[in-house]
Amino acid sequence: MADTGKVLVVGSNGQLGVELTDALVDFYGEDQVIPSDITPSDRKNFIKLDVLNADQLRAIVQEQQIQEVYLLAALLSARGEKYPLVAWQINMDGLLNVLELAREGVIRKIFWPSSIAVFGETTPKIDTPQETIISPDTMYGITKLAGERLCAYYAKKFQVDVRSVRYPGLVGHRALPGGGTTDYAVAIYHKAVAGEVYRCFLAPNTRLPFLFMPDAVRATLEIMQVPANKISTRSSYNLAGFSTTPAEIATSIQQHIPDFQVEYEPDFRQQIADSWPESIDDQVARKDWGWQSRYSLADMSEVMIQHLKKQLSSKILSS
């Protein structure tokens with residue numbers, strides 16, 4: 001168990017939140033981690049929380065003696081395009097509420113995730129550098145860019161210890177897709193294991209950067225343990241794993257499930273994907289805090305299929 005105050009995870013029911021909360025419990029101890037979300041959960045110590053309610057957030061932080069907040073609650077890219085004003089409210093006001101608690105000294109450290117959605121059509125697409133043209137074309141990306149500048153502002157002006165990474169597409173087996181453009185890379189495995197055809201909303205050759213969930217969780221834990229004087233980037237660090245396409249993922253799955261088939265029916269999410277980088281340069285994170293991804297596409301496919309088959313078998317046996 002690490003020696004720290006209690007940890008609050010806001011958005012613990014989400015795709016990242018489910019797995020990060022488990023990792024934090026392993027690291028800090030179950031009694032030190034408070035999962036929270038706007039929807040109910042049967043997790044131990046869970047508290048229902050609307051992060052937009054600043055008074056409720058403050059009360060929970062003070063009552064539970066919270067010292068670190070992992071703010072994961074957000075409306076993602078595809079859903080954000082359908083509900084742009086809601087995306088702005090959730091993604092921005094929630095961050096401001098948490099930053100203000102840190103400015104006042106109520107909490108001492110924040111993790112807030114940014115995204116490759118901050119990049120846009122004018123951003124270099126190959127090995128996108130840490131410092132580059134940032135011109136998002138979606139409301140989700142706009143909120144992430146604004147959030148990055150807020151984090152950097154609060155860090156410089158008020159010495160708030162806020163840390164962030166720009167996640168690429170995240171793939172994990174513990175939760176269903178959450179409304180992101182890269183979430184096809186989660187849904188495709190579910191369909192494959194269920195023996196169904198997957199209808200992909202992106203074209204087969206759409207190349208995007210991804211990170212397998214164990215790497216994403218490890219990166220999050222690592223950056224939060226680095227001494228503050230090692231963090232040179234207070235907006236958000238580039239983070240890279242591997243880059244791939246729907247067709248390449250399908251081929252990787254077919255190494256395990258030969259009969260799996262994909263049909264391609266690109267929709268409005270294709271335009272979003274086309275505005276994002278194909279690969280990411282994360283050398284600043286590597287230099288500052290020793291970041292290094294471990295999982296390849298082949299590794300991810302093997303683990304995803306193994307776990308999803310187990311989950312499907314358990315459902316069948318319990319039904």
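Begin the tour at the second largest pocket of this predicted model, where the lining, sorted by class, consists of five nonpolar, two polar and one charged residues. To bring this place up in the viewer, select Leu176, His190, Val193, Ala194, Leu308, Gln311, Leu312 and Lys315, which together line the second largest pocket. The space inside the second largest pocket comes to about 190 Å³. If you then colour the model by element, you will find that helix 6 (184-193) and helix 11 (297-318) each supply at least two residues of this lining, and that helix 11 gives the most, with four residues.

Keep helix 6 on screen and add helix 8, residues 246-254, as the next selection. The axes of helix 6 and helix 8 come within 11 Å and cross at roughly 30 degrees, and the two helices are therefore roughly parallel to each other. Helix 6 passes helix 8 in a right-handed crossing, and the contact joins Tyr184, Ala185, Ile188, Tyr189 and Ala192 of helix 6 to Pro246, Ile249, Ala250 and Ile253 of helix 8. Sorted by class, the contact of helix 6 with helix 8 has nine nonpolar residues, with no polar and no charged ones.

Move now to the largest pocket, which has a volume of about 980 Å³. Its lining is made up of 45 residues, and a good way to centre the view is to select Gly14, Leu72, Ala73, Ala74 and Leu76, which lie nearest the centre of the largest pocket. The elements that give two or more residues to this lining are helix 1 (15-28), helix 3 (77-82), helix 4 (84-103), strand 6 (114-115), helix 5 (139-158) and strand 9 (169-171). Which element supplies the largest share of the lining of the largest pocket? That element is helix 1, with three residues. By class, the lining of the largest pocket has 25 nonpolar, 15 polar and five charged residues.

From the largest pocket, follow helix 1 to its packing with helix 7, residues 213-225, where the axes are 10 Å apart and the angle is about 50 degrees. Helix 1 and helix 7 are therefore oblique to each other, and their crossing is right-handed. On the helix 1 side, select Gln15, Leu16, Glu19, Leu20, Ala23, Leu24, Phe27 and Tyr28, and on the helix 7 side select Met213, Val217, Thr220, Leu221 and Gln225, since these residues make the contact. Nine nonpolar, three polar and one charged residues make up the contact of helix 1 with helix 7.

For the last stop, return to helix 4, one of the elements contributing two or more residues to the lining of the largest pocket, and show it together with helix 2, residues 54-64. The axes of helix 2 and helix 4 come within 10 Å and cross at roughly 45 degrees, and helix 2 and helix 4 are therefore oblique to each other. Helix 2 passes helix 4 in a right-handed crossing. To see the contact itself, select Ala54, Leu57, Arg58 and Val61 of helix 2 along with Asn97, Val98 and Leu101 of helix 4; by class, the residues of this contact divide into five nonpolar, one polar and one charged.

How values were computed: Residues numbered from 1 in each chain as written. Predicted model: local features only at pLDDT ≥ 70, side-chain atom pairs only at ≥ 80, totals over all residues. Heavy atoms only, no water. 1 Å grid on protein atoms, 1.4 Å probe; cavity = no way out; pocket = protein on both sides within 12 Å on 5 of 7 lines; lining within 4 Å. Points joined across faces, edges and corners; volume = space filled by probe spheres on them. Nonpolar A, V, L, I, M, F, W, Y, C, P; charged D, E, K, R; others polar. Axes fitted to C-alpha atoms, helices over the stretch in contact; angles between N-to-C directions. Parallel < 35°, antiparallel > 145°, perpendicular 65-115°, else oblique. Left-handed = near helix turned anticlockwise from the far one by under 90°. Contact = heavy atoms within 4.5 Å.
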